[in-house]
Amino acid sequence: MSGARSFGESGPWFGLSRCGERLRRRLRERPTMIRRISERVSGFAKNFPILKSSRFHGESLDSSVSPVLIPGVHVFHCQDAVGIVAKLSDCIAAKGGNILGYDVFVPENNNVFYSRSEFIFDPVKWPRNQVDEDFQTIAQRYGALNSVVRVPSIDPKYKIALLLSKQDHCLVEMLHKWQDGKLPVDITCVISNHERASNTHVMRFLERHGIPYHYVSTTKENKREDDILELVKDTDFLVLARYMQILSGNFLKGYGKDVINIHHGLLPSFKGGYPAKQAFDAGVKLIGATSHFVTEELDSGPIIEQMVESVSHRDNLRSFVQKSEDLEKKCLTKAIKSYCELRVLPYGTNKTVVF
């Protein structure tokens, strides 16, 4: 037959045969091609030396190309004036830092300025002590009431002591958050006016992590406040994790630092013993928890955090109490985390600004 071709010279197999021949030819030429590409890349890198260093996300890079940047936080509180934001921003930018977030609050009809900035910087170019000095210069210029810098990766964690009575739910929540690295504190000790057996979950946890437990027996006549002050003298602040004792004005003055408390409701309702049953018997439809600073006036200190949840006629006393305790531990933990992240600033005589 005129023009006849053998099997393999037409159809898909013929195409594959030709492709195979081209592939074999390119494989024979591959060393030459690779050598040419290598020469081109080398020549390009000579003209653009920055391309000599490359990295994947998360890998370290030579500091001459990209410095290691770490995060910092700065809070500022002063009388309001023109140019404060510009000065604070210039302070960071002048040292090669970069602002990641900035919050400002200036109350209406009140000549007060509050700010909180999150930034990153190179500690080699801007040493930690110099950061403090530079912000302090601005603080002196504006007569700041509060100017604090915190660099979590360099600065030591806040040291705290936890005080509690019989209930464990707030303590357990904080210990677990601390163990998971979600609570940026060092727990120096746990103090209670109730003794606990050594084989309990809490005591085994404390022993396993080397956290001292101090049983301080108290009476109405003797609150043992001097003994407690001795135990907490090296802490940065105290946390009352359902500590059912009233701290005196002398104790607060002797300690001289912040004390954070958790209250079982939306202040100031249902004071006294067994507040959950009081609220349950009253048929409330909304329960809450309040975390606040402790002052000499009972349960009247500046509020840091509040949480609420609905309840109904379908709740029995057991579910009612469980919801209340869940709110308490979440509210207290969030308040402590906000405090450690410099989100809480005093506002007026009995309020707070929480960024």
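This tour moves through the structure by selection, from the whole chain to two helices, two pockets and one lysine.

**Whole protein**

Begin with the full model, which is predicted. A cartoon view shows nine helices and 13 strands. Colouring by accessibility marks 37% of the 355 residues as buried. For a contact map, take the pairs of residues at least 6 apart in sequence: 65% of these contacts join residues at least 24 apart.

**Helix α3**

Select residues 128-142, which form helix α3. From its first C-alpha to its last, this helix of 15 residues reaches 22 Å, close to the 21 Å expected at 1.5 Å a residue. Next, display the side chains of Arg128, Val131, Asp134, Phe135, Ile138, Ala139 and Tyr142, which are buried in α3. Turn the view to look down the helix axis: the buried residues of α3 fall within an arc of 145 degrees, so they line one face of the helix. The spacing has a simple background: an α-helix has 3.6 residues a turn, so residues three or four places apart point the same way.

On the other side of α3, select Asn129, Thr137, Gln140 and Arg141, which are exposed. To see what the buried residues of α3 pack against, add β1 (70-79), α2 (84-94), β3 (112-121) and β4 (146-150). Finish here at Gly143, just after α3, where phi is positive at about 60 degrees.

**Helix α5**

Move on to residues 201-208, helix α5, and show its buried residues Val202, Met203, Phe205 and Leu206. Viewed along the axis of α5, these buried residues fall within an arc of 160 degrees, so they too line one face of their helix. Glu207 and Arg208 are exposed on the other side of α5. The packing partners to add for the buried residues of α5 are α4 (169-179), β6 (185-192) and β7 (213-215). Just after α5, Gly210 has a positive phi of about 70 degrees.

**The largest pocket**

Centre the view on Arg242, Met244, His263, His264 and Gly272, which of the 42 lining residues lie nearest the centre of the largest pocket. The space in this pocket comes to about 900 Å³. Then colour β9 (259-263), α8 (275-281), β10 (286-293) and α9 (317-340), the elements that give two or more residues to the lining of the largest pocket. The largest share, five residues, comes from α9. Colouring the lining of the largest pocket by class gives 19 nonpolar, 15 polar and eight charged residues.

**Lys277**

Within helix α8, select Lys277. Lys277 counts as partly exposed because its relative accessibility is 34%, a value between the 20% and 50% cut-offs. Draw a distance from the C-alpha atom of Lys277 to that of Leu317: the two atoms are separated by 7.2 Å, although the residues are 40 apart along the chain.

**The second largest pocket**

The last stop is the second largest pocket, with a volume of about 510 Å³. Of its 27 lining residues, select Asp258, Phe293, Tyr339, Val344 and Pro346, the closest to its centre. The elements to colour are β4, α7 (249-255), β12 (344-347) and β13 (351-354), each of which gives two or more residues to the lining of this second pocket. β12 provides the largest share, four residues. By class, the lining of the second largest pocket divides into 14 nonpolar, seven polar and six charged residues.

Definitions and conventions: Residues numbered from 1 in each chain as written. Predicted model: local features only at pLDDT ≥ 70, side-chain atom pairs only at ≥ 80, totals over all residues. Heavy atoms only, no water. Expected span 1.5 Å × (residues − 1). Buried < 20%, exposed > 50% of the residue type's maximum accessible area, 1.4 Å probe, protein only. Arc of directions from axis to C-beta. Contact = heavy atoms within 4.5 Å. 1 Å grid on protein atoms, 1.4 Å probe; cavity = no way out; pocket = protein on both sides within 12 Å on 5 of 7 lines; lining within 4 Å. Points joined across faces, edges and corners; volume = space filled by probe spheres on them. Nonpolar A, V, L, I, M, F, W, Y, C, P; charged D, E, K, R; others polar.
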